[in-house]
Amino acid sequence: MTETIQSTGKLAIRGEELCTWILTHYRSLDEIKQRLGKDVGITNEVGPMMGMSVPQHCIFHDETGRALVVEPSQKNGFRIFENPVDIFTNAPTFDWHLNNLKTWLERTTKRTYTYDNTEGIVQIGFDEASSGLVGIPADYKPESRFLRAAFAKLLSIDVDDDRAMNQVFQLLTTVNTPKGALRIDQSETPVAWTQYTAGYDIQKKILYAFTYDNRNLRSLEYGDPATWGSELHYFSFISKQTTAPFVEKNQWMAGENTI
């Protein structure tokens, strides 16, 4: 496979290297669409991660809110989709997820779709009839998580900038996987769980995240990449859960009580 890729003038990389390659070589979503398929191909050569070339696919956003999904789902090439719903999980392919979502939307609303990959999927307004998440699968398979995340987003209310990040984490929590929910060969050892949950303020260039063991939110302002230099930087936000006591309070200033 590596030789086949190289014979076409491309660089052969493993699947787990795809996201890093794209982030370090292209400046825009349009550049990804124009150049990626000409520059690299995904090899099946065994690597250090899980003893294989992991067939990762990725999602990329820009400051306008536009989203692009990249899948190494064809031989020596990629399928690239504009993302009309801003939701993404792994297998199966992204067009399958879109069609499955539209099927469920037709079941739970009065909508109809053409099942074209480029058609829009808009928010479900308060004036639109919908049975919400009734009947939606509750398991942790990627196709089920895609549905729950999409419906949670499409049913979510508008928020201002101050509440946007909290809203993001509320939506992400609907698909977090607890330890023990996914196992292999009925093993008692948990093999997959949501190790951390992250959200980005793309315009302000701030990363927010919490871990499975500590839900206190941490932040990292990454600002202008030019100020970071060429060296790798490491940050730790792994720690045990901490708590704060309730505070007795009988009066509230205007806007202070958020409930």
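**A walk from a buried lysine to two sets of paired strands**

K102 is buried, because its relative accessible area is 0%, and buried here stands for anything under 20%. This and everything that follows refers to a predicted model, so the values given are computed from predicted coordinates. K102 belongs to helix α4, which covers residues 94–108. Leaving aside residues up to four places away in sequence, the residues that K102 touches are Y113, Y115, D116, N117, E119 and I121.

A contrasting case is R27, which sits in the loop between α2 (18–25) and α3 (29–39). R27 counts as exposed because its relative accessible area is 82%, where the cut-off for exposed is over 50%. Although R27 and D62 are 35 residues apart in sequence, their C-alpha atoms are 9.7 Å apart in space.

From D62 it is convenient to turn to strand β3, which spans residues 58–61. The side chains of β3 alternate along the strand, with C58 and F60 pointing to one face, where they are buried, and with I59 and H61 pointing to the other face, where they are not. Strands of a sheet pair through backbone hydrogen bonds, in either a parallel or an antiparallel sense. For β3 and β4 (residues 67–74) the sense is antiparallel, and four bridges join the two strands. Within this pairing C58 stands opposite V70 of β4, while F60 has L68 of β4 as its bridge partner. The two strands make a hairpin with five residues between them, and in its turn G65 has a positive phi of about 95°.

Strand β4 also pairs with β5 (residues 77–82), again in the antiparallel sense, this time over five bridges. L68, the partner of F60 in the β3–β4 pairing, has E82 as its bridge partner in β5. The hairpin formed by β4 and β5 has two residues between the strands, and N76 takes a positive phi near 55° there.

Further along the chain, three strands form an open sheet in the order β6-β7-β8, with antiparallel pairing. Its edge strands are β6 (196–201) and β8 (214–221), each of which pairs on one side only, and the twist from one strand to the next averages 20°. Strand β7, made of residues 206–211, is joined to β8 by five bridges, and in this pairing I206 stands opposite E221 of β8. Helix α6 (residues 161–173) lies across β6, β7 and β8, and the helix runs at about 145° to β6.

The last feature to consider is the second largest pocket, which holds about 160 Å³ of space. Its lining is made up of W193, Q195, Y196, T211, Y212, D213, F237, I238 and S239. Among these lining residues, Y196 falls within the range of strand β6 (196–201), and T211 falls within that of strand β7 (residues 206–211). Sorted by class, the lining has five nonpolar, three polar and one charged residues.

Definitions and conventions: Residues numbered from 1 in each chain as written. Predicted model: local features only at pLDDT ≥ 70, side-chain atom pairs only at ≥ 80, totals over all residues. Heavy atoms only, no water. Pairing = 2+ DSSP bridges. Axes fitted to C-alpha atoms, helices over the stretch in contact; angles between N-to-C directions. Contact = heavy atoms within 4.5 Å. 1 Å grid on protein atoms, 1.4 Å probe; cavity = no way out; pocket = protein on both sides within 12 Å on 5 of 7 lines; lining within 4 Å. Points joined across faces, edges and corners; volume = space filled by probe spheres on them. Nonpolar A, V, L, I, M, F, W, Y, C, P; charged D, E, K, R; others polar. Buried < 20%, exposed > 50% of the residue type's maximum accessible area, 1.4 Å probe, protein only.
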